[in-house]
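Here are my notes for anyone opening this one for the first time. Have the structure up on screen and follow along point by point.

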Amino acid sequence: MNPSLLRQSTLRATQASVKRMMRHRTWEGVSAQWLEEIQGICPGECLSWNEFTPRGGFELIGCTMSQDYMAILPVTGPRLPTFLPHHPILQKISWAELGVESMRLSDFQAAGAFRNRNPLFHEVYRHLDAHHQAVVRIGTYSDRDVKLALNRRHSDFTDDELVQLTYLAQALDPHLKTVDRHRSLEKDLRALHQAIGQRMEVPGHYLDQLTNAEIGALHCLVTGDRLALRDSHRRRALSSLREKLQLESNRQVLAAWRAVTDSGTGGSSAST
């Protein structure tokens with residue numbers, strides 16, 4: 001699906017929505033912003049940002065959905081792992097093989113047949129009162145798969161809307177990879193700071209907030225990206241990081257980092 005097929009006004013509006021989503025650096029922030037933006041991009045009755053166990057798992061570990069439907073999540077959520085394999089799309093394409101391309105449920109099973117014969121509708125989707133659906137997988141990350149499901153009662157999704165959703169997913173995936181990497185690094189950095197604080201007898205001196213620049217610079221340092229570290233902004237970020245950690249050199253930061261990650265105190269390894 002080629003975004004150049006979209007009208008320029010539609011493409012610009014979608015790009016503006018993606019930029020607003022990318023202002024957030026947490027899963028919760030991005031998904032909440034997505035829910036706010038998606039009604040303007042591709043409106044529907046039940047719009048759901050779904051986070052499943054990674055690499056083909058059916059267990060729902062996180063969900064941000066239209067407010068009117070949050071009340072039914074305790075009913076539908078536990079049933080998903082059992083009945084999701086009956087999804088018409090998943091009966092043709094395996095969960096793990098879904099690409100970053102929007103798909104329309106009616107292209108795989110007619111709405112009437114889905115409503116009348118499919119166990120997934122009777123056990124889950126009837127609670128949504130949803131007859132039409134578009135699905136798009138954004139990507140797989142360290143501890144979750146992110147898939148979007150948009151549901152409507154009366155009108156099916158158009159080809160242009162599928163192109164919009166595909167473009168949104170492709171544009172958002174690199175940012176979510178950054179969010180995922182930052183979260184893992186942040187865990188390690190907090191563990192690192194705690195270990196250093198204990199060793200230097202500075203109780204309670206922990207990081208309240210890490211900047212994107214500091215986390216990004218730390219990632220460059222621990223992965224040995226010397227070219228990136230030549231950038232003046234990253235050098236300043238490392239200087240700020242050393243000050244917070246009360247260390248004098250990048251070599252000391254690396255040594256402390258390895259001591260923490262090798263001992264298993266942190267959330268990830270230095271190779272991530």
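1. Start at Trp49, whose bridge partner in β5 is Leu148. Keep in mind as you look that this is a predicted model. Trp49 has a partner on another strand too: in β2, Thr64 is its bridge partner.

2. Now widen the view to the strands themselves. β1 and β5 run antiparallel and are joined by seven bridges. The pairing of β1 with β2 is also antiparallel, with five bridges between them. So you can trace β1 with β5 as one partner and β2 as another.

3. How many residues of β1 are buried? Seven of its seven, so to speak the full run, and the strand is mostly covered. From β1, Cys46, Ser48, Asn50 and Phe52 point one way, while Leu47, Trp49 and Glu51 point the other way. Both sets are buried, Glu51 and Trp49 included.

4. Next, the empty space inside. Searching the whole structure for cavities of 30 Å³ or more turns up two. The largest cavity holds about 290 Å³ of space.

5. Which residues lie nearest the centre of that largest cavity? They are Asn50, Leu80, Tyr125, Gln133 and Ala149, out of 26 lining residues. Asn50 is worth a second look, as it also appears among the β1 residues that point the way of Cys46, Ser48 and Phe52.

6. Several elements contribute to this lining. Those giving two or more residues to it are the strands β1 (46–52), β2 (60–65), β4 (132–140) and β5 (145–152), along with the helices α3 (73–76) and α6 (119–128). Sorted by class, the lining of the largest cavity has 18 nonpolar residues, seven polar ones and one charged.

7. Then move to the largest pocket, which has about 160 Å³ of space. Its lining is made up of Arg25, Thr26, Trp27, Glu28, Arg144, Val179, His182, Arg183, Glu186 and Lys187. Two elements give two or more residues here, namely α2 (27–41) and α7 (159–199). With five residues, α7 gives the most to the pocket lining.

8. What classes of residue line the largest pocket? Six are charged, two are polar and two are nonpolar. Set that beside the largest cavity, where the lining has 18 nonpolar residues and one charged.

Technical notes. Residues numbered from 1 in each chain as written. Predicted model: local features only at pLDDT ≥ 70, side-chain atom pairs only at ≥ 80, totals over all residues. Heavy atoms only, no water. 1 Å grid on protein atoms, 1.4 Å probe; cavity = no way out; pocket = protein on both sides within 12 Å on 5 of 7 lines; lining within 4 Å. Points joined across faces, edges and corners; volume = space filled by probe spheres on them. Helix = DSSP H or I, 4+ residues; strand = E, 2+ residues; numbered from the N terminus. Nonpolar A, V, L, I, M, F, W, Y, C, P; charged D, E, K, R; others polar. Buried < 20%, exposed > 50% of the residue type's maximum accessible area, 1.4 Å probe, protein only. Pairing = 2+ DSSP bridges.
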